[in-house]
Amino acid sequence: MATLEQYVEAVRDRVRETGFLISHDMGDSAYQRFIRTALRRYSIDRPKIKVNQIVGAASKYITVNSTNLPSFIDGFSIILNIEIESPVIASDESPNYIERDSWDFYRDSTLLYIFLHDHETSVSENVRLTYTILHTINGLDSETVDTIPAQDFEAIIYWAVSEALLALSNKFADTIDPTIRADNVNYRSKSVEYRNQAKEFRLMYKEWIAMPYTPESITRDLDFGYTNYTPWQTHQYSRL
């Protein structure tokens with residue numbers, strides 16, 4: 001799996017800031033911020049699925065905490081299903097799911113709970129919870145694991161690049177730097193160009209997310225090149 005440094009370099013390469021008439025590097029911290037935003041967007045569209053098994057507590061209430069539901073984020077995570085007396089796979093036992101209308105969240109002044117309407121778990125009963133959590137990238141925010149599937153590395157890059165290009169667009173739209181303004185380049189036009197390219201990368205991300213996993217590439221006619229206006233080509237990372 002990829003590291004944060006690989007994501008940063010891939011985004012920086014796509015932005016190709018020094019390939020434009022303006023040479024400006026926003027720095028690693030800015031790129032990490034763009035990647036963090038992309039990671040959250042991707043986690044909304046394709047969240048990581050986590051399964052945790054706990055032992056019942058002779059109660060209809062299951063406390064939502066880091067023990068029972070590790071990495072659960074209140075307001076983001078979604079409970080996909082709850083199994084009572086979770087099956088033994090080797091014995092070909094059938095799952096025993098609780099219907100969605102048979103449980104609800106309940107909140108008191110301090111904690112969040114899952115309330116089972118018609119079932120009280122016993123202390124010898126296994127309860128299996130399946131829910132969504134955020135993805136992580138190795139090296140970002142002290143995380144040590146990259147949970148992005150290899151075939152979706154490119155999706156993170158697309159969204160992060162769009163964030164970077166929007167930042168550049170905003171920077172050069174209202175710049176008051178005299179060393180920049182003294183240049184003959186029309187920076188307001190460059191700002192519009194960056195913004196249009198950001199839209200293209202965002203559309204590429206959305207198409208990638210909407211498509212099933214296939215070996216084909218997403219193709220876009222992006223109107224940029226080297227400083228001498230010689231066009232260049234790039235290929236996706238393999239999705240195989």
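**Reading a buried serine and a helix crossing**

Mentor: In this predicted model, S77 is in contact with S71, F72, T132 and I133, once its neighbours within four places in sequence are left aside.

Trainee: Where does S77 lie, and is S77 buried or exposed?

Mentor: Burial is read from relative accessible area, where a value under 20% counts as buried. S77 lies in the loop between β2 (61–63) and β3 (79–84), and because its relative accessible area is 9%, S77 is buried.

Trainee: Which backbone atoms does the side chain of S77 reach?

Mentor: A polar atom of the S77 side chain lies 2.8 Å from the backbone nitrogen of I73, and the side chain of S77 also reaches the backbone oxygen of T132, at 2.7 Å.

Trainee: Turning to helix α2 (residues 28–45), where A38 is found, which residues does A38 touch beyond those up to four places away in sequence?

Mentor: A38, which counts as buried at 0% relative accessibility, touches I156, W159 and A160. A38 and I156 are 118 residues apart in sequence, yet their C-alpha atoms are 5.5 Å apart in space.

Trainee: How are α2 and α3 oriented to each other?

Mentor: Orientation is read from the angle between the two axes, and an angle between 115 and 145 degrees counts as oblique. The axes of α2 and helix α3 (residues 153–173) come within 8 Å and cross at roughly 130°, so the two helices are oblique to each other, and α2 passes α3 in a right-handed crossing. Among the residues making the contact are F34, A38 and Y42 of α2 and I156, W159 and A160 of α3, and by class the contact has 12 nonpolar, one polar and two charged residues.

Key. Residues are numbered from 1 along each chain as its sequence is written. This is a predicted model: local features need pLDDT of at least 70, side-chain atom pairs count only at pLDDT 80 or more; totals for chains, interfaces and linings use all residues. Side-chain values use heavy atoms; hydrogens and water are left out. Helices (H or I, at least four residues) and strands (E, at least two) are DSSP runs, numbered from the N terminus. Buried means under 20% relative accessible area, exposed over 50%, partly exposed in between (1.4 Å probe, protein chains only). A polar contact is a pair of N or O atoms within 3.5 Å; within protein, one must be able to donate a hydrogen and the other to accept it, and residues adjacent in sequence count only if both atoms are side-chain atoms. Contact means heavy atoms within 4.5 Å. Axes are lines fitted to C-alpha atoms, for helices over the stretch in contact, and angles run from 0 to 180 degrees between N-to-C directions. Angles under 35 degrees count as roughly parallel, over 145 as roughly antiparallel, 65 to 115 as roughly perpendicular and the rest as oblique. A crossing is left-handed if the near helix is turned anticlockwise from the far one by less than a right angle, and right-handed if clockwise. Ala, Val, Leu, Ile, Met, Phe, Trp, Tyr, Cys and Pro count as nonpolar, Asp, Glu, Lys and Arg as charged, and the others, Gly among them, as polar.
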